[in-house]
Amino acid sequence: MSEESNIDIYRRRFMSGTATAAAGLAVAPGVMLTEVARAKPADQAVSSDIRWGMLIDTNKCNEGCNDCVTACNEEHNLEGFGRPATDAQWIRKVTLKDKQTGNIQTLPMLCQHCEHPPCVDVCPTGASFKREDGIVLVDKHICIGCRYCMMACPYKARSFVHEKLQDQMPYSPRGKGTVESCTFCVHRVDEDILPACVVACKEENHNAITFGDMNDPDSEISQQLKQHSSRQVRADLELNTGVRYRGI
Amino acid sequence: MKDIVFKEIDGGKPFYLLLGFIGFFVLAALGSAWYMEHNGHWVTGMNNQIVWGTPHVFAVFLIVAASGALNVASISSVFQKTAYKPLARLSGLLAIALLAGGLAILVLDLGRPDRLIVAMTYYNFKSIFAWNIILYIGFMAVVAIYLWMMMERKMNKFTRVAGFSAFIWRLILTTGTGSIFGFLVARQAYDTAILAPMFIIMSFAFGLAIFILVLLGIYKWSDRPLGDSILFRLKNLLGVFIGAVLYFVLTYHLTNLYITENHGVEQFILMDGGVYTKLFWIVQILLGSLLPLALLYHPSTGKSRGWIGIASLLVIIGGLAQMYVIIIGGQAYPMEMFPGKEVVSSFADGITGSYTPSLPEIILGMGGIAVALAATFVGVRVLRFLPSTLADDAVDPHYPAREAEASA
């Protein structure tokens, strides 16, 4: 993801100024249209030359802020039914308190887009799959809703669609009786646009989330990962996650 | 030992009444499945924390018991114990019927049961679940062929080969079922190789308990003689299997208790897991293992058909409790994503997952048992699965010797 395209988004968002959320939504397609020209052609397959990844700096993640979650819910229309136990959550804010020291941290948890995803290993039909560029997805057409991937995911990143949905986003299809999780906003990434959560965090000036190509040594995420120590959640499992954390 | 004569059981009004009664449970289960699929799974006790609920408890129990029910046939064909030969056909029939019941539940609890054909045409061969689908279907085919070899006189010479194949197949199948949990790295209660052999030994106990109950029931109901000799062999064997299950449960928990990172999950299951702790100690260990052991080996209750039946029923109830603790208790214990931290979130991180079985789930589970029983009863009605007598003098190879011993 080039820095230039990011700036472009910020400029447009800035120009929309104090527009309401509805107005913001109206602007979004416009942003996308201009960016399409710079994305890879639609008929070109994704390649393993790229490994999309995310670095989350927990020191910058604000305890009271929930913007990444809200942005995700809006982007994918995840508005629930007021039933927290069964409503889908693709990204959630987690608060950690050290049992020994009492130190408190907060961070977003989402699909970690593992290089060796347990959900993909266990899926009987191959509906859970990993793209060449490292994004882990569910093919909603062949998911039978067995939920074995939810048993297998060490990050509790997946949700089962427990009821009938309405007003779905055409770029983010979902279906009752199938399993789903964070897509790294693949529909945006393929168009060279940052995922919704990343943009929301930047808009708040928290800049806790950096997204980019971990295979490109010059990308911002690679530079940061090189300069600062970071870790994977449950690194003991050797899953080589695509989401890394600083400060935990 | 005389020639064994196999005969269908009598039909008539009582048979159809019984079948109708069982059929009612099957219909209720279908209704439950429709209700759950139509509304979505939010109407069940399941949620995003406990993704496998009561239907899975019944389904996995039946699938495990299915392979165990084949044991009696294996003892006859593979280990050449002639005393078990008259029971081999029923053993094979029960194995297929129980598996069918378990699979019916599993399929009807899918998010998309209408995509069953997808599950059978798209395979990810790294998934133990996909392997299980092949193993289940294959098991039915292998046991069906085995039954054919046993029941068709011309094919009898192949019985041993078919029996041996079915025996190996069932060992692989239950290894696969145990590995569904054993291969899960994410959760503290799973991720261990011992679950595969533990499931095998559990299958021995559950399958035999069901076999004894069905045998007692059908022979009493159809007024056929059932000798003590064969029944006491079976109940002694059941006692051995219960002891073996206890050994595996002990080893599993001792290993976890030694490993510090698993102290949390052990504390949860063994001490403060609420319903899971109660189910473990009271139902699984006390009522489901120790009490039946005492009943089966006690000099007086061990000779009573009623008590042998009750002991078998207790093993089944204990087995269901054990499945509940493994499957639902294992999910309820929060995942250790951040060791050393207290975790709070809107997605129930860091807290015990909540789960209360809903009525439709229980009815669906019972429907699976009903399917298995209906298939068994129809089987013994239309085909020659059961010997017309299992009296001692008819089937016990050592009967003349014992008789002589007694009169000497």
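This is a short tour of a predicted model, moving from chain B as a whole to its helices and then to its border with chain A.

**Before you start**

Residues count from 1 along each chain as its sequence is written, while chains are lettered from A and ligands numbered from 1 in the order in which they are written. Because the model is predicted, local features need pLDDT of at least 70 and side-chain atom pairs count only at pLDDT 80 or more, whereas totals for chains, interfaces and linings use all residues.

**Stop 1: all of chain B**

Select chain B and show it as a cartoon. You will find 15 helices and 3 strands; helices (H or I, at least four residues) and strands (E, at least two) are DSSP runs, numbered from the N terminus. Turn the chain around: its C-alpha trace spans about 75 × 45 × 40 Å along the principal axes. Of its 408 residues, 50% are buried, meaning that 20 or more other C-beta atoms, placed from the backbone, lie within 10 Å of a residue's own (12 or fewer is exposed, and in between is partly exposed).

**Stop 2: helix α8 of chain B**

Now select residues 195-221 of chain B, which form helix α8. How far apart are its end C-alpha atoms? They are 38 Å apart, which agrees with the 39 Å that its 27 residues should span at 1.5 Å a residue; the rule multiplies 1.5 Å by one less than the number of residues. The helix is mostly covered, with 19 of the 27 residues buried. Just after α8(B), click on Asp223(B), where phi is positive, at about 60 degrees.

**Stop 3: the nonpolar core**

Next, pick Leu98(B) and Ala205(B), the residues that touch the most other members of the largest nonpolar core, which has 197 residues. Such a core is a set of buried Ala, Val, Leu, Ile, Met, Phe, Trp, Tyr and Cys residues joined through C-beta atoms within 7 Å. Helix α8(B) gives the most to this core, with 17 residues. In soluble globular proteins, nonpolar side chains tend to be buried together.

Stay with Leu98(B) and look past its neighbours within four places in sequence: its contacts include Leu62(B), Ala65(B), Ile210(B) and Ala372(B). A contact here has C-beta atoms, placed from the backbone, within 7 Å.

**Stop 4: helix α2 of chain B**

Select residues 54-69 of chain B for helix α2. Is it enclosed or open to the outside? All 16 of the 16 residues of α2(B) are buried, so the helix is largely enclosed by the rest of the structure.

**Stop 5: where the chains meet**

Bring chain A into view. Here 45 residues of chain A are in contact with 38 residues of chain B. On the chain A side, β2(A) gives the largest share, 7 residues.

Zoom in on β2(A) and on strand β2 of chain B (residues 341-345), which pair in the antiparallel sense over 5 bridges; pairing takes at least two DSSP bridges. Asp98(A) stands opposite Lys341(B), and Val94(A) has Ser345(B) as its bridge partner.

**Stop 6: the hairpin in chain A**

Finally, add strand β3 of chain A (residues 104-110), which runs antiparallel to β2(A) and is joined to it by 7 bridges. Leu96(A) stands opposite Gln105(A) here. Between the two strands lie 5 residues, and Gly102(A) in this hairpin takes a positive phi near 80 degrees.

Note on methods: Contact = placed C-beta atoms within 7 Å.
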